[in-house]
Amino acid sequence: MKEELIVSGRMNHLVDPQLNIWHWQIPLYLFLGGLAAGILFFTALFFINGKENEYPAAVKKAPVIVPFLLILGLLALFIDLRHKLYFWQLYTNIKLQSPMSWGAWTLMVITPVSFIWAALYIREFFPNWDWKYTWIKLLEVFLIGYKKTIAWIMLIFSVILGIYTGILLSAFNARPLWNTSILGPLFLTSGLSAGAATIMLLSKSAVEKKRFAQIDLILIGIEVFLIIHMFMGFMASTQVQIDAAKLFLGGPYTMAFWIFVVALGLVIPALLEFLELRKFHIPVLISSLLILFGSIMLRFIIVYAGQVSRWLY
Amino acid sequence: MAVDTKKCVGCSDCVVACQTENNVPIGYCREWVVEVMAGTYPQLEIEIRSERCNHCKNSPCVRCCPTGASHYSDGGIVLVESKECIGCGACIASCPYDARYPHPDGYVDKCTFCIHRVKNGLDTACASVCPTKCIYFGDLDDPNSKVSMILKRRKYKTLIPEAGTNPQLYFII
Amino acid sequence: MTNRRQFIKITALGAGALAIGGGILKGIQKYSPQEGIKYLLQGLKRIPTYCEVCFWKCAGWVYKNDEGKIWKIVGNEEDQHCNGRFCPRGTGGIGMYYDEDRLKTPLIRIQERGKQVFREASWEEALTYIANKMIEIGSKYGPESMALFSHGSGSSYYSTLFKAFGSANIAEPSYAQCRGPRDEAFMATFGEEAYSPEITDIRDTKCLVLIGSHIGENMHNGQIQEMSDAIDKDATIITVDPRFSTAASKSKYWLPIKPSTDIALLLTWIHEIIYNNYYDKDYVEKYCIGFDKLKEHVKENTPEWAYGITTIEPGLIRKTAKEMANASPAVIIHPGRHVTWYGDDTQRIRAIAILNALLGSWGRRGGFYRPSKANIPSYALPSFPKPAKTWQDAFPGKYSLASLTVSNVLIDASIPENNPVFTIKGWIVNGTNLINTIPNQANTLKAIQNIELLVVIDTMPMEITGWADVVLPECTYLERFDNIRVSPHRKPAIALRMPASEPMYNTKPGYWIARELSKKLGLQAYFPFENQESLLDWQLKKIGTSLEEMSKLGVKTYEREADDIYITEGENVEFPTESGKIELYSTYFEQSGFDPLPLYTPHEEPPEGFYRLIYGRAPMHTFSRTANNPNLTDIMDENTVWVNPKVAKEWGLNNDQYIWLKNQDGIESEFPIKIRVTERIRWDSVYMVHGFGHAQKQMKRCFGKGASDTQLISKVLIDPIMGGTGMRGNFVTFITKKTEKEAI
Ligand SMILES: Nc1nc2c(c(=O)[nH]1)N[C@H]1C(S)=C(S)[C@@H](COP(=O)(O)OP(=O)(O)OC[C@H]3O[C@@H](n4cnc5c(=O)[nH]c(N)nc54)[C@H](O)[C@@H]3O)O[C@H]1N2
Ligand SMILES: Nc1nc2c(c(=O)[nH]1)N[C@H]1C(S)=C(S)[C@@H](COP(=O)(O)OP(=O)(O)OC[C@H]3O[C@@H](n4cnc5c(=O)[nH]c(N)nc54)[C@H](O)[C@@H]3O)O[C@H]1N2
Ligand code: SF4
Ligand code: SF4
Ligand code: SF4
Ligand code: SF4
Ligand code: SF4
Ligand SMILES: [Mo]
């Protein structure tokens, strides 16, 4: 028999028996960040390709909600901080090795950019919108001239943001479940897929809907591939990573993961989209919402389960 | 720092002393004691370890800190500057040893190697209280320090070396 | 029976113990280096104290922070008891001061006993109440009807009060529930006890044998420190314990003995040592008597014989006997401390004493050193009245060799049905939680129902306070002066305790309480000093120091008058026994009708489905007293019951599952206790730490945490020699659901 026990100390419920540091705020922040990244990616992509009018939801409508998503995400992050008065310290330091730091800086760049873009398209939602001050109007005119540049900035930073949501976790060597290079691409893909789903939701154009359904199907395919790959990676690795994978293969997170993330969040919406593409009439609402749901659940489950997984010694 | 697991009795005096010396609030701790028993009655063996932050030379907690609150101080001691810490918890999640905790005042706290004492030429609180005198603290770069001497003489290990953190807390086995 | 202990004290002066007195003292005056100076430079205050969390009495310093609040306690580096290092309990001692559940003001009962309805009272009212009741009891039944149960530093004040009142019924649980058998056995053998701190020279030993003593869990500071030194010096440690104790895990040899069979092992070791000529011949010849009788006595006690009884392999017994012989005389068969186990405890410790004598370790380096004690003059008090009867008259002929008061006799004598010669009618209980300290709770409660006055002086609302008529809140040791500590050690030394803070709430120091009570009893002449400071200053000046000086030193260590810590080659030693020799064969026991040589007798075994209940200490707690301490509950807040995996499997018990225990008499533990499945315990026993399972709601942190071993110890194996209460003859079984509780 082997008996290992903590004789004393470590009475801190936030650290033992399992890490309990990050609660709903972080997964929500990661989801919103990923979603925003996904939307902005498509916005920029289609704008740069000159498809502004073919894909109005992607380029004009969806990005208008992005600033709100980002603000909500930042708010969640802020709520999570325990030493809030020192929040500003994030922006007096640039720590290239700290994902948290460059995430904060990425947001610092992309948030204002998203505001600008949203402002330029605010009339999509409120046709009678009028900027009250002339200087804003002048600014608007000025910025319209730089749309392309802005789009490029958005494209680059949305990819960084999307990857960041995964890297934030995967940089933690200490949590075997997170410590896989697949988390970056996985979260990026999941963010893109969520972005695509949102665009589908907002879109009124059949062409656009179809295109995004196709994109989404591909993304879901990639996601499934990445998930399988991730588990194979775990199972082929050290005991701690095998144990981490087991959280989902018979462990406490098995049901939640396979039902909420894989079945409801990936397989079923994929099926629905597939049927839809085959001209079955299925409201796009269902699959889009399922994808968004799956995307949220993925973050929640990975964040929570990751805190359970630890090194043994 | 080195801890002799052959002498440690797991009394947790070090834990209490750390708590009072450093005003660690009740319900939290900077150090803890682990006991590992193996075998079948009556062929048994126990290893007892007094654990704390390993003051890793390659420490993920410093790396992942977005503000630089977690930093290397004199002699490689890893410290948290409470006035720079935003309490994001990244360092807590990054430490494979779970050596950090969120202080109720918001910042993150952990073992400081009692730098306030060490600077004054005193032993750390845990080392100076330990009834079995099994905690050795000193300069690892000085070949004549108590720690260096004992590590030369005895077999030792570090915890989770495979995590690549290069821990500086040695367990004599 | 003449008081044997007194006789021994006088003769002891000639031999081991060295008395220091008067002006001949030359102190070594030194401020504690390191820690002290550095902090003093920072302007922080430190106040000397000695620790009250257990009875090792380490001297230390209380540091205050810049706000003037008590911050931490650290050991005094000059102190031989602790060498600058406190144990976890001492370090966490501040928790006693800060515990918000402390007793805060005097309380007087307003309903019948057992129902806990009190009202707050002033000191004046409470003390008047007590004095009137004592005078009433004194005049109705005689002053000897009052009994004092006391433990800890305050004892001497109430002792004085009792003696002045005319009662000699003054008991400490450290005798009949703890060290009594050991002290009697050692006195019978060597004419001296093993003292506290024990005079074991562990620092320099080559072989340390622990019979049950679980040093490392039993945190008696000096011993644990020296055991660690011994490990550094590669000393052989041999541990005899049915449980894989922490000490066992540090030992070269662990003898996993079947509980209750130690005497068989000890006799066999004696056999091995004698018949292999391992013993110290010169020493035995020169200093011991009764060797031939002993040799004859253990003739049959071969390792093979012991194997059948103890389950310890003959080879292991032989090997360990040889190890001891190799180390002789630097070998210690530890006398133990809490030794009231099976009722034949004095005889078991006799076997230990004999073994030490054979190996020549008594008075030798690495064995037992000869202690030396500072002598503090006491102020001449009026002589005490001679009590008409003492506890020994209550049940004539019983425990004739007990040299101190047997607490359980006082309890039994409080129950009229037991037909004592005289009945105890009133108790004062100071610093002892009798409910959790004395086995057979039902008996204690019955006694309480029969007395007319129960006064409890405590710092915490412990179980015993719930039964009191009057509760007097003493301030903690950090808030008061107490007597100068003069415990014997390698060098004579004194230590001062000073208040580090004003008493919190409406609490008072013991000296003040006793003195105020003496005024009301018309006995003020016995407390001539207004307060303790003036008494201490008077005493300290008599020995060439002062309160002023001691408040800076904390501890003052003196050189021994002569270099006589060990017996020197060929020295003629007169041992303070009746024969002047070490008595392997005790004629003294023989005369009193007890076995002159220890004998093994089998003890009852657990019935089917039951397991022997054994208990011990956790390093972070002292009995009940720390159970609610915020700092210490933080590192351990409940006890667990250790169960061997085989047993757990048989019962389907899992780690961390809460169950109840039920003993052979059908008593169920009041609270559930967590299972710890571990290979560290034998399959015929279960183990738990004493001091948990508190039933007093006012103690919020410890109420209902874990189970109380005392509650399950209803069968008491009394030592006929000295009245000790053997507590390890109880058997328990597991219940997963609690049955309806019967009212007590
Ligand atoms: N931390 C801490 N330390 C303390 C105290 C405390 O409360 N807390 N109290 C102090 C006091 S007053 C005392 S008296 C001492 C007591 O401390 P000790 O004198 O060491 O007490 P024991 O009862 O001998 O020790 C209990 C051990 O005996 C073992 N044991 C049980 N049955 C048997 C048996 O039949 N044979 C043998 N050989 N071993 C057996 C148990 O497994 C356990 O390991 O501790 C002192 N030190
Ligand atoms: N079942 C069982 N019974 C045992 C033992 C065991 O192991 N198991 N051990 C036995 C042994 S070895 C011993 S020595 C005895 C010890 O027996 P006790 O000395 O009775 O032990 P504690 O439970 O610590 O009780 C001490 C009481 O003193 C109070 N107190 C603490 N500090 C002060 C103070 O400064 N002033 C006053 N007035 N009160 C104070 C505490 O609150 C507590 O109520 O128990 C014995 N009984
Ligand atoms: S104080 Fe020393 S012996 Fe006690 S647990 Fe800590 S390191 Fe071990
Ligand atoms: S032990 Fe943890 S907290 Fe300490 S330096 Fe290493 S990673 Fe950082
Ligand atoms: S919690 Fe504080 S110390 Fe830790 S990573 Fe965040 S800012 Fe740095
Ligand atoms: S070195 Fe100081 S801070 Fe670190 S564990 Fe020891 S006592 Fe605590
Ligand atoms: S051994 Fe521990 S509890 Fe006992 S007096 Fe010393 S420091 Fe205090
Ligand atoms: Mo005791």
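## A salt bridge between two domains of chain C

C:R701 and C:D99 form a salt bridge in which the closest N and O atoms are 2.9 Å apart. The model in which this pair appears is a predicted one. The pair offers a starting point for the contact between domain 1 and domain 4 of chain C, across which two salt bridges are found.

The division of chain C gives four domains. Domain 1 is assembled from the segments 1-100, 476-508 and 529-565, and domain 2 from 102-172, 405-474 and 509-522. Domain 3 covers 180-370 together with 574-591, while domain 4 is the segment 611-743.

## The contact of domain 1 with domain 4

Domain 1 of chain C brings 13 residues to this contact, and domain 4 of chain C likewise brings 13 residues. The area buried between the two domains is about 990 Å², with 53% of it on carbon and sulfur atoms. Seven residue pairs are in polar contact across the interface, both residues of each pair being at pLDDT 80 or more.

On the side of domain 1 that touches domain 4, the elements giving two or more residues are helix 3 (88-91) and helix 4 (94-98) of chain C. Helix 4 gives the most, with three residues. Sorted by class, this side of domain 1 has six nonpolar, three polar and four charged residues.

## The surroundings of C:R364

Elsewhere in chain C, C:R364 lies in the loop between helix 15 (345-358) and strand 15 (372-374). The side chain of C:R364 reaches the backbone oxygen of C:G360 at 3.2 Å.

When residues up to four places away in sequence are not counted, C:R364 touches C:D201, C:D280, C:Y283, C:P329, C:Y566 and C:I567.

## Where chain C meets chain A

Ten residues of chain C and seven residues of chain A take part in the contact between these chains. The buried area is about 600 Å², and carbon and sulfur atoms give 58% of it. Three residues, C:D634, C:I635 and C:R676, supply 50% of the area that chain C buries against chain A, more than any other three residues.

One salt bridge is counted between chain C and chain A. In a salt bridge, the side chains of A:E3 and C:R676 meet at 2.7 Å, N to O. Two residue pairs are in polar contact across this interface, both residues at pLDDT 80 or more. The side of chain C that touches chain A has five nonpolar, one polar and four charged residues.

## Where chain B meets chain A

The contact between chain B and chain A takes 50 residues from chain B and 40 residues from chain A. About 3,800 Å² is buried between these two chains, 60% of it given by carbon and sulfur atoms. Two salt bridges are found across the interface. The side chains of A:R310 and B:D98 meet in a salt bridge at 2.4 Å, N to O. There are also 23 residue pairs in polar contact, both residues at pLDDT 80 or more.

Several elements of chain B give two or more residues to the side that touches chain A: strand 2 (32-40), strand 3 (43-51), helix 2 (60-64), helix 3 (90-94) and strand 6 (101-102). The largest share, nine residues, comes from strand 2. By class, this side of chain B has 27 nonpolar, twelve polar and eleven charged residues.

Strand 2 of chain B also pairs with a strand of chain A. Its partner is strand 1 (residues 2-8) of chain A, and the two run antiparallel, joined by six bridges. Within this region, A:L5 stands opposite B:E35 in strand 2 of chain B.

## A sheet within chain B

Chain B contains an open sheet of four strands in the order 8-1-10-9, with mixed pairing. Strand 8 (135-136) and strand 9 (156-157) stand at the edges with a single partner strand each, so one side of each is left without a neighbour in the sheet.

Strand 9 pairs with strand 10 (residues 170-172) of chain B in the antiparallel sense, over two bridges. B:Y156 stands opposite B:I172 in strand 10.

Key:
Residues numbered from 1 in each chain as written. Chains lettered and ligands numbered in written order. Predicted model: local features only at pLDDT ≥ 70, side-chain atom pairs only at ≥ 80, totals over all residues. Heavy atoms only, no water. Contact = heavy atoms within 4.5 Å. Buried area = accessible area lost by both parts, 1.4 Å probe. Salt bridge = Lys/Arg side-chain N within 4 Å of Asp/Glu carboxyl O. Polar contact = N/O pair within 3.5 Å; in protein donor to acceptor, adjacent residues only side chain to side chain. Nonpolar A, V, L, I, M, F, W, Y, C, P; charged D, E, K, R; others polar. Pairing = 2+ DSSP bridges. Domains from an automatic or database assignment.
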